[in-house]
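This report introduces a single protein chain to a reader who has not met it before. Please consult the sequence and the structure shown here while reading the sections that follow.

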Amino acid sequence: MGKQAIGAAPPHKIRINTIGLTDVRAALREGWKDFRRYPLFGLFFGGIYAVGGLFIVAMLSLYHQPWMIIPIAIGFPLIGPFVAVGLYEISRRDEAGQPVTWRGILTEVFRQRERQLSWMAFVVLFVFWVWIYQVRLLLALFLGFKISASLPAFLTVVTTTPEGLLFLAVGTIVGAVIATVLFTVTVISMPLLLDRDIDFVTAMITSVRAVVENPVAMLGFGVIVAAAAILAMVPLFVGLLAALPVLGHATWHLYRRVVALS
């Protein structure tokens, strides 16, 4: 897909900088500043994400599987980094002093299907599928025939029965592990692949290195992202209109702080 074969040596030497929580706060402030500077772009990309969430909920209700709404809603932020590619490009152009136009941004987003970033889409969607599969497995193991066709009844089962509470506990642990793994391999690799023409394996390794070498700052940022995304989905996904662009811009600025290319 890209110009380089998978596993090829990157054209740049990559160095991981040491960062702290002050850098995370600074990245979030810069993300908020970018959103305020380009609000229509942010609302556009955030709107795509929000509408996608509402569409999924509508389809689950239509096909009488409302009990999957909560698991999918919780797992929905896993695909956020791929949706945020356009936001990375806005921040990149603003930082470089390049014009930020609809044509330029959308052209660059669509161009990613021919680059290594498209491989990351498969990685993200695969992990999201794993999340959905393990939810169905846990539902079968812990609840079995207690799965209800209505959302209120399902909530009653998982919050008032021993089996339901155990399902919530195990599901939370497994979900946290999956989310942490995906965050680790994408938080830096996504903006890096947009910024530089390198292979996606090298980008994922770089992302893992960034998290391993800066665990407090990077995982702290991950907790903020997860909490903000989940809270933003509570009012019918409307909060994602602002949360996604701010977090997307912030991710770009955090990438610029933690990765040095020469």
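## The surroundings of Thr 206

Leaving aside residues up to four places away in sequence, Thr 206 is in contact with Ile 14, Ile 16, Ile 188, Leu 192 and Val 259. The model is a predicted one. Thr 206 belongs to helix α11, which covers residues 200-213.

Is Thr 206 buried or exposed? Its relative accessibility is 2%, and because buried means under 20%, Thr 206 counts as buried. One of its contacts, Ile 188, lies 18 residues from Thr 206 in sequence, and the C-alpha atoms of the two are 7.2 Å apart in space.

## The chain as a whole

The chain comprises 13 helices and two strands. It has 262 residues, of which 48% count as buried.

Contacts between residues 24 or more positions apart make up 79% of those in the chain with a separation of 6 or more.

## Helix α7 and the residue after it

Helix α7 runs over residues 117-142. At 1.5 Å a residue, its 26 residues should span 38 Å, and the C-alpha atoms at its ends are indeed 38 Å apart, so the two values agree.

Gly 144, just after α7, adopts a positive phi of about 55 degrees.

## The pairing of α12 and α13

Helix α12 (residues 215-233) and helix α13 (residues 240-258) have axes that come within 9 Å and cross at roughly 165 degrees. Because angles over 145 degrees count as roughly antiparallel, α12 and α13 are described as roughly antiparallel to each other. Their crossing is left-handed.

Which residues of α12 and α13 meet? From α12 these are Met 218, Phe 221, Val 225, Ala 228, Ala 229, Ala 232 and Met 233; from α13 they are Leu 240, Ala 243, Leu 247, Ala 250, Thr 251 and Leu 254. Sorted by class, this contact of α12 with α13 consists of 12 nonpolar residues, one polar residue and no charged residues. In an α-helix there are 3.6 residues a turn, so residues three or four places apart point the same way.

## The enclosure of α13

Helix α13 contains 19 residues, and the distance from its first C-alpha to its last is 26 Å. This is close to the 27 Å expected at 1.5 Å a residue.

How many of the 19 residues of α13 are buried? The number is 15, and α13 is therefore largely enclosed by the rest of the structure.

Conventions
Residues are numbered from 1 along each chain as its sequence is written. This is a predicted model: local features need pLDDT of at least 70, side-chain atom pairs count only at pLDDT 80 or more; totals for chains, interfaces and linings use all residues. Side-chain values use heavy atoms; hydrogens and water are left out. Axes are lines fitted to C-alpha atoms, for helices over the stretch in contact, and angles run from 0 to 180 degrees between N-to-C directions. Helices (H or I, at least four residues) and strands (E, at least two) are DSSP runs, numbered from the N terminus. Angles under 35 degrees count as roughly parallel, over 145 as roughly antiparallel, 65 to 115 as roughly perpendicular and the rest as oblique. A crossing is left-handed if the near helix is turned anticlockwise from the far one by less than a right angle, and right-handed if clockwise. Contact means heavy atoms within 4.5 Å. Ala, Val, Leu, Ile, Met, Phe, Trp, Tyr, Cys and Pro count as nonpolar, Asp, Glu, Lys and Arg as charged, and the others, Gly among them, as polar. Buried means under 20% relative accessible area, exposed over 50%, partly exposed in between (1.4 Å probe, protein chains only). The expected span of a helix is 1.5 Å times one less than its number of residues.
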